[in-house]
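Me: I have a structure open and would like to understand the words people use for it. Could you go through them with me?

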Amino acid sequence: MRVSSLGVARPVYYDRSPATKSQLYSATLAPHADTQRWSYTVPAGYKAYVETAYTLALQQTAPTVAAGGYSGVFTNTDDASASIVSYAYLVSATANTQVAMGVSGVALLNPGNIIFGQSSDGSTGGTRYIVISAKYSTFQA
Amino acid sequence: VVIIRCALVGGTGPSDPLRVDLPTYGMVADDPAIRRAFVDVPDVDVPADVAAFVRANPTPTLASPLPSSFPAGLAAVWREHLARRYDLGQARWNPEVA
């Protein structure tokens, strides 16, 4: 007869149907309005742990009129408010200036929570190279 | 993943950015002027009927016309599929092949 304990511990999160996922957007862009570049919504029955995020805004060619713009990773949480995971804000009239931000171990997301990447560039003329990325693991809630 | 050309929504500011009305996607290319974007979407988020429509209506560029308009019935199928998978309410996402 096999006897098992009622007190067997639940597997740790990284052993509960884990899957690693990532998002990466990189492009050279002309000035543009606020645009969501990628999105991940945690499905029902799962959670996600955001392990790394990285954002870069690099002024590749000089604008005629410099203005602010950003590359950002954000999350929407249970209360539907947005918070910043990684944010690179740049105002520059000079080519090859840049702002970058990398973070790790930043967020635990519940079912329905969203992580998304977004950018804008309010300058006139010029181009920017932007990178918006995140790596996360999903597992059973 | 499935590459689909979708309509862009929003565009009034940072809290309402230009985006595709899908829970999970990655933007491949976009044209804000004509409000379209190629996006990659996880297979599990695309019902078979919608995937069949996309295969039957190829769009080689952002500007090329969609051979047949996206039927309202298929839009409803996609909306309900996403609502079931994410369990977040029927009216949360309303993606459109464009």
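Reply: Happily! This is a predicted model, and we can start with chain B, whose elements run β-β-β-β-α-α from the N terminus on. That comes to 2 helices and 4 strands.

Me: What makes the radius of gyration of chain B agree with a compact globule?

Reply: Set the value against the rule. A compact globule with 98 residues would have a radius of gyration near 13 Å, and chain B has 13 Å, so the two agree. As for its outline, the C-alpha atoms of chain B fill a box of roughly 35 × 35 × 25 Å along the principal axes.

Me: How many of the residues in chain B are buried?

Reply: Buried residues make up 49% of the 98 residues in chain B. The word applies under 20% relative accessible area.

Me: Why is B:Trp78 called buried?

Reply: Its relative accessibility is 0%. The cut-off is under 20%, so B:Trp78 counts as buried.

Me: And why does B:Phe70 get that label, buried?

Reply: B:Phe70 has 13% relative accessibility. That value also falls under 20%, so B:Phe70 counts as buried.

Me: What makes B:Phe70 and B:Trp78 an aromatic pair, and why is it called edge-to-face?

Reply: Take the distance to begin with: the ring centres lie 6.3 Å apart, and a pair needs centres within 6.5 Å. Then take the angle: the planes are 80° apart, and over 60 degrees counts as edge-to-face. Both conditions are met, so the name fits. A search of the whole structure finds 12 aromatic pairs over all chains.

Me: Which rings form a cluster in chain A?

Reply: Ring pairs link A:Tyr70, A:Phe74, A:Tyr87, A:Tyr89 and A:Phe116 into a cluster.

Me: What is notable about the phi of B:Arg35?

Reply: B:Arg35 has a positive phi of about 55°, although it is not a glycine. Most residues other than glycine have a negative phi. You will find B:Arg35 in the loop between strand E3 (25-31) and strand E4 (36-41) of chain B.

Me: Why is B:Arg35 called partly exposed?

Reply: Its relative accessible area is 35%. Buried would need under 20% and exposed over 50%, so B:Arg35 falls in between and is partly exposed.

Me: How do you know that A:Ser17 is partly exposed?

Reply: By the matching step: A:Ser17 has 40% relative accessibility, and partly exposed covers what lies between buried and exposed. A:Ser17 also has a positive phi, about 45°, without being a glycine, and its place is in the segment before strand E1 (19-29) of chain A.

Note on methods. Residues numbered from 1 in each chain as written. Chains lettered and ligands numbered in written order. Predicted model: local features only at pLDDT ≥ 70, side-chain atom pairs only at ≥ 80, totals over all residues. Heavy atoms only, no water. Rg over C-alpha atoms; globule rule 2.2 N^0.38 Å. Buried < 20%, exposed > 50% of the residue type's maximum accessible area, 1.4 Å probe, protein only. Phe/Tyr/Trp six-rings, centres within 6.5 Å; stacked < 30°, edge-to-face > 60°.
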